[in-house]
Amino acid sequence: MPENSDDFPWIFVNNVDNALSNLKNCEAYIVAGMQSVTNTALDLVVTQTDTGNDYDMENLMSEYVEMDRDLNQYITAVEATLSQVKDKDFLNLTPNLKALVKEKLVALKSSNKEGDLKKDDRLVQFRKQLRDVKMQCGLPVDPTDDESEEQIDEDMIVTQSQTNFICPITQLEMKKPVKNKVCGHTYEEEAIRRIIESKHSRKKKACCPKVGCSHTDVRLTDLVQDVVLGRAIENHRRIANSQNKQSR
């Protein structure tokens, strides 16, 4: 215990703050795991490798989504507890932090619904990407496989597919896509490099150019080649060119 025992509660809280900061870093690993599952699933489709069941990959993605939800709810509960404790006269209060966190976590989890994970945007996007690439590769798709229990309109699928190929910076179809391993967004390599290098040359941070993304410090080391998407785009161009020749 420190020499000044009055400082001990605050030292304890500061330690929790530091641990919480480290815990938040775990989210990057979850995002990386989701991207790995997506890349693997799409790569299996592009190479037409028969794995027997697409739902194995979807279930794995669902587990990542659930893990991310649970992590964020726990972080929220801890942050709310620390805020509550710091706003009070801590020295005259001997809170049971574990009990307070548990109370807030239970309240957060009470709002979870059985169908929430299935409707999560990341899982919906995963199913759409998988379906789109199957269609582009001429592989059979399950007409009942969609996120809303209703058959997905084919025109919407094509539009979504084309949107996935568009760089948020150039608004053109990508030729050499790179993936941000932190937030999961994809850009044309040359375009995102220019933005990052321009910002860094002025001692500023580069924000992810995808509308709505909260990632505010994109680095060159965050970028990885999106080989699977690159193959899908190439295959999309080949099919489009073939269709154009047949229509002439």
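**Close-up views of a predicted model**

**View 1. Contacts of Q35 in the predicted model.** Beyond its neighbours within four places in sequence, Q35 is in contact with K179 and G184. Q35 is found in helix 1, which covers residues 8-46. Its relative accessible area is 13%. The cut-off for buried is under 20%, so Q35 counts as buried.

**View 2. An open sheet of three strands.** The strand order is 2-1-3, and the pairing is antiparallel. Strand 2 (186-188) and strand 3 (223-225) are the edge strands, and each pairs on one side only. On average, neighbouring strands of this sheet are turned by 40 degrees against each other, direction ignored.

**View 3. Pairing of strand 1 with strand 2.** Strand 1 spans residues 177-180. Three bridges join strand 1 to strand 2 in the antiparallel sense. Y187 in strand 2 is the bridge partner of V178.

**View 4. Helix 6 on the sheet.** Helix 6 (residues 189-201) packs here, touching strand 1, strand 2 and strand 3. The direction of helix 6 makes about 90 degrees with that of strand 2.

**View 5. The largest nonpolar core.** This core holds 40 residues. F126, V133, Y187 and L223 touch the most other members. Helices supplying at least two residues each include helix 2 (55-86), helix 3 (97-109), helix 4 (121-136) and helix 7 (227-247). Helix 1 and helix 6 also each supply at least two.

**View 6. Surroundings of V133.** Residues up to four places away in sequence are not counted here. V133 touches L42, V45, V46 and A232.

Methods:
Residues are numbered from 1 along each chain as its sequence is written. This is a predicted model: local features need pLDDT of at least 70, side-chain atom pairs count only at pLDDT 80 or more; totals for chains, interfaces and linings use all residues. Side-chain values use heavy atoms; hydrogens and water are left out. Two strands pair if DSSP finds at least two bridges between them. Helices (H or I, at least four residues) and strands (E, at least two) are DSSP runs, numbered from the N terminus. Axes are lines fitted to C-alpha atoms, for helices over the stretch in contact, and angles run from 0 to 180 degrees between N-to-C directions. Contact means heavy atoms within 4.5 Å. Buried means under 20% relative accessible area, exposed over 50%, partly exposed in between (1.4 Å probe, protein chains only). A nonpolar core is a set of buried Ala, Val, Leu, Ile, Met, Phe, Trp, Tyr and Cys residues joined through side-chain atoms within 4.5 Å.
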